Structure formats: C-alpha cells, structure tokens
Amino acid sequence: MNALPGVILPGNDPRQSLRVRRFLLAATVYGLAIALMGLYVRQGLLAIPEWQFLSLVIVLVNAGLYALLRSGRNERFVDPSLTGLQMFMVCLLMGLTMYLLDGGRGGLLLLFLVLLMFGVLRLNARQFTALGGFALLCYAVAVGAVWQQRPEAFNAQVELLHLVALSTLVPCGGFFASHVSRLRRLLRDRQIELQRAREEAHDLRVLDPLTGISNRSAIIAFIDQEWQRAERLDQPLAVIFVDLVHFKRINREYSHATGDDVLREVARRLRGCVRDIDGLGRYGGEEFLVALPDADADEAARVAERLRSCIEGQRFTALPVRERVRCALGTSMFHSSDPDIWQAIERARIDSESG
Ligand SMILES: Nc1nc2c(ncn2[C@@H]2O[C@H](COP(=O)(O)OP(=O)(O)OP(=O)(O)O)[C@@H](O)[C@H]2O)c(=O)[nH]1
C-alpha cells in the first residue's frame, strides 16, 4: 500500500488521496459485481454478450471517474468528492444490470446496496433520502421494463420483496447519513479548536505576553539560526542591545501598569523601525534585542540611531507630556571567531552601558 501514493494515489494532497482511496474501494466492489455476474452467466441468468457489455460500461464509468479524480478536475465541481455523481452512476448501473438479468436479482442487488452505502460517508440525511428514492425509481423502472418485455424473467412476488427491502434502505441510510454528517461536523469543529489551541500554544512558547514580540528564548533562537546562516553565506550579522534608562523610576512615579504601557509602546515603535527580516525580542524586563541579518557595522549604527529617535523622539501617551523615555543602545557584529552567539550579545550590552 506504501507504493500507492504518487502512482495510483495523489501523494501530495491528503484530501485528494482520501477521495481516490474511497473511489478505489467502491471500484473493488464493482469488480466483485463483475465477477459475480460471471456466476450468473454460468447459471444461465445472464447472456455472455450482456455480461461483456455490463462489464465494459462499469469499467468505462469507473475509468472516467478515476481520470476526473486523478487529474484534479474534480476540484472544479461543487462537491469535489464527486459523491453525488458516483451515487447517480450506481443507481443507473444498478437499473441497467437489473434489467439485463433474467433472475436472481437479489444477490447483485446486495452489492449495489453496498455501493449506495458509500453515499452515507458524504451525503446528509436529505441528500441520502433523495438518492434512496432515485435508486428505488431506477429499480422499479428496470423491473417494470422486464415485466413488459420479458415477462418470463419477471417474478412479481420476488420483485415486490426486493422493492420493499430496497425501500428500507432509505430511512436506515438516511439515519446513518445524518449520524455520520453530525460526526463530520463535530470532527471539523474539533479540528478548528485543535488548530487554535496549537496556535495559542505556539504563541505562548515564542511570544512575550506583555509586548507581543518574540520572548527571550525565541529571539535567541532566531539569532542562533541567523548566525549559522551568516557563517555559511559569509554575510555580516549585527545585534543591537536596547536598554530603557531609569525605568524603575517610571514604575515608581507612574505605576507598574503605566510602565507596562510604556514597554508595549516601545516594542511597537521598535517593530516599526526595523525590516521584516530583522529579529526583535524582549531580552529581559526593560531590555530588548534587535538582530540585523546582512547588516554591517555602519548600517547597525544607523539603525541604532533610528531606534533611539523612535523611542526618545516622541512622547508616550501613558506619560505626562514633559516626561521622555531615554534608552541606551549598544551595537556589535558577530565574528566567526566567536564560540557562540553570547559573546556578540554581551559586547552589545557592554557597548550600551558605555554609550
Ligand atoms: N512595568 C513593568 N516593569 C518591569 C517589567 N519587567 C521589569 N520591570 C521593571 O524594570 C525595572 C528594571 O530595573 P533596573 O534593571 O534597575 O533598570 P533601570 O531602572 O532602567 O536602571 P538602568 O537600566 O540602570 O538605567 C525594574 O523596576 C523592574 O520592576 C514589566 O514587565 N513591567
């Protein structure tokens, strides 16, 4: 079965693959029906040319459906699983088979019922009831035609029983279809919830809850990755250490909540001052790190000045007009002689203290 993906099944699309798998299962049942018809031929209930004709029609219908699914053209249909179309073909093929048989319709009818039950997997109760009604109609038309044209091949009592048995499929299948479609909805809701929970867990893992930018471990991981890339491509990598000066006083004079607002606003301004490819993270309480891939020392100094004016140049709405937030910035370049990223970060921190 492992060799199937890519050859018989579309290997790169799990939903298409599931549709083709389901189709192949139904095609196997058709294969069984053709084999069973061979027994009918031996019993004299079906003529050889009619068996060949039925087999050819079944093979052509299935080849067409497979080509639609495998080429991806099914995606253009309202229901890309083609369940409605497949069920429609089941009803027509069942009608044709029942018409051509001279007796023993019950046995093959069972296999067609199995094929109809595939509809339960995709159709809702209303659609399945309509399908069951259409199946009944096809059967009734087929045996009605036998009664008209070959009365010797028609047994009223048996056909009546078949029709009654077929009619029980409608409510039973409808019940299963509604149950399965409820389960499908439930599964979809659970998948959405799971996806949301995954995203939240990811955010909790990598984002700083106060500022929404990368947390310490995420910015360190980013720098580590960029450092390896810079080494490989022989490109420069700069880091800027940003420390808010006397932040303790802001907390003390205007409250911790005001301090939080200032930190959030600082993070927002920093984000607005760097490129999308640059890394920005909260390193500690009032300390931030900015990583600049492919930036040399001059570029890092220019960015540092821009960051300073972003923070110091405008007032913070959480603070009185006269109050300004000051910052100390330090820059550093990563060297290939550094044993790890911490040396460059430490150099930037020391640089911020001396500045
Ligand atoms: N509001 C708020 N304050 C924080 C947060 N994290 C750390 N701080 C505060 O930041 C201050 C950091 O103090 P220090 O390390 O002495 O830094 P500073 O007061 O800016 O002094 P210098 O860096 O030496 O200029 C402390 O008062 C912490 O309580 C936070 O999430 N929210």
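According to an unreviewed UniProt entry, transmembrane regions fall at residues 23–41, 53–69, 81–101, 107–123, 130–148 and 160–180. In this predicted model, two of these spans can be set side by side. Residues 53–69 are 100% helix and 0% strand, and their end C-alpha atoms lie 24 Å apart. The span 107–123 is 65% helix and 0% strand, with 25 Å between its end C-alpha atoms. The unreviewed UniProt entry also places a coiled-coil region at residues 180–207. In the model that stretch is 96% helix and 0% strand, and 39 Å separates its end C-alpha atoms.

Taken as a whole, the chain contains 11 helices and four strands. Of its 355 residues, 30% count as buried. Contacts across the sequence can be described in a similar way: among those between residues at least 6 apart, 68% join residues at least 24 apart.

The four strands make up an open sheet in the order S2-S3-S1-S4, with antiparallel pairing. Strand S2 (279–282) and strand S4 (327–333) are the edge strands; each has a single partner, so one side of each is left without a neighbour in the sheet. From one strand to the next, the twist averages 15°. Helix H9 (residues 256–273) packs on this sheet and touches S1, S2 and S3, its direction making about 170° with that of S2. As a general reminder, strands of a sheet pair through backbone hydrogen bonds, in either a parallel or an antiparallel manner.

Within the sheet, strand S1 (residues 237–244) and strand S3 (residues 287–293) are joined in the antiparallel sense over seven bridges. One of the pairs involves Leu237, whose bridge partner in S3 is Pro293. On its other side, S3 pairs with S2, again in the antiparallel sense, over four bridges. Here Gly281 stands opposite Leu289 of S3. S2 and S3 form a hairpin, with four residues between them. The residues of S2 alternate in direction: Gly279 and Gly281 point one way, Leu280 and Arg282 point the other way, and all are buried.

Two loop residues deserve a closer look for their backbone angles. Asp234 is not a glycine, yet its phi is positive, at about 55°. This residue lies in the loop between helix H7 (216–233) and S1. Asp234 counts as exposed because it has 7 C-beta neighbours inside 10 Å, where the limit for that class is 12 or fewer. Ser255, likewise a residue other than glycine, has a positive phi near 95°. Its place is the loop between helix H8 (247–254) and H9. With 12 other C-beta atoms within 10 Å, Ser255 is also exposed, and the count of 12 still falls inside the class, since exposed residues are those with 12 or fewer.

Thr258 is found in helix H9. With 16 other C-beta atoms within 10 Å, Thr258 is partly exposed. Leaving aside neighbours within four places in sequence, Thr258 is in contact with Ile250, Ala318 and Leu319. A further link across the sequence is seen with Thr317: the two residues are 59 apart along the chain, but their C-alpha atoms are separated by 9.7 Å.

H9 also takes part in the surroundings of the ligand. Of the 14 residues around the ligand, Val245, Phe247, Lys248, Gly259 and Gly285 come nearest. S1, H8 and H9 each supply at least two residues of this shell, and the largest share, four residues, comes from H9. By class, the shell holds five nonpolar, five polar and four charged residues. Helix H9 thus appears in two settings, packing on the sheet and contributing to the shell around the ligand.

Definitions and conventions. Residues numbered from 1 in each chain as written. Predicted model: local features only at pLDDT ≥ 70, side-chain atom pairs only at ≥ 80, totals over all residues. Pairing = 2+ DSSP bridges. Axes fitted to C-alpha atoms, helices over the stretch in contact; angles between N-to-C directions. Contact = placed C-beta atoms within 7 Å. Buried ≥ 20, exposed ≤ 12 C-beta atoms within 10 Å, placed from the backbone. Near = placed C-beta within 6 Å. Nonpolar A, V, L, I, M, F, W, Y, C, P; charged D, E, K, R; others polar. UniProt positions renumbered as here; feature names shortened; annotations may be inferred.
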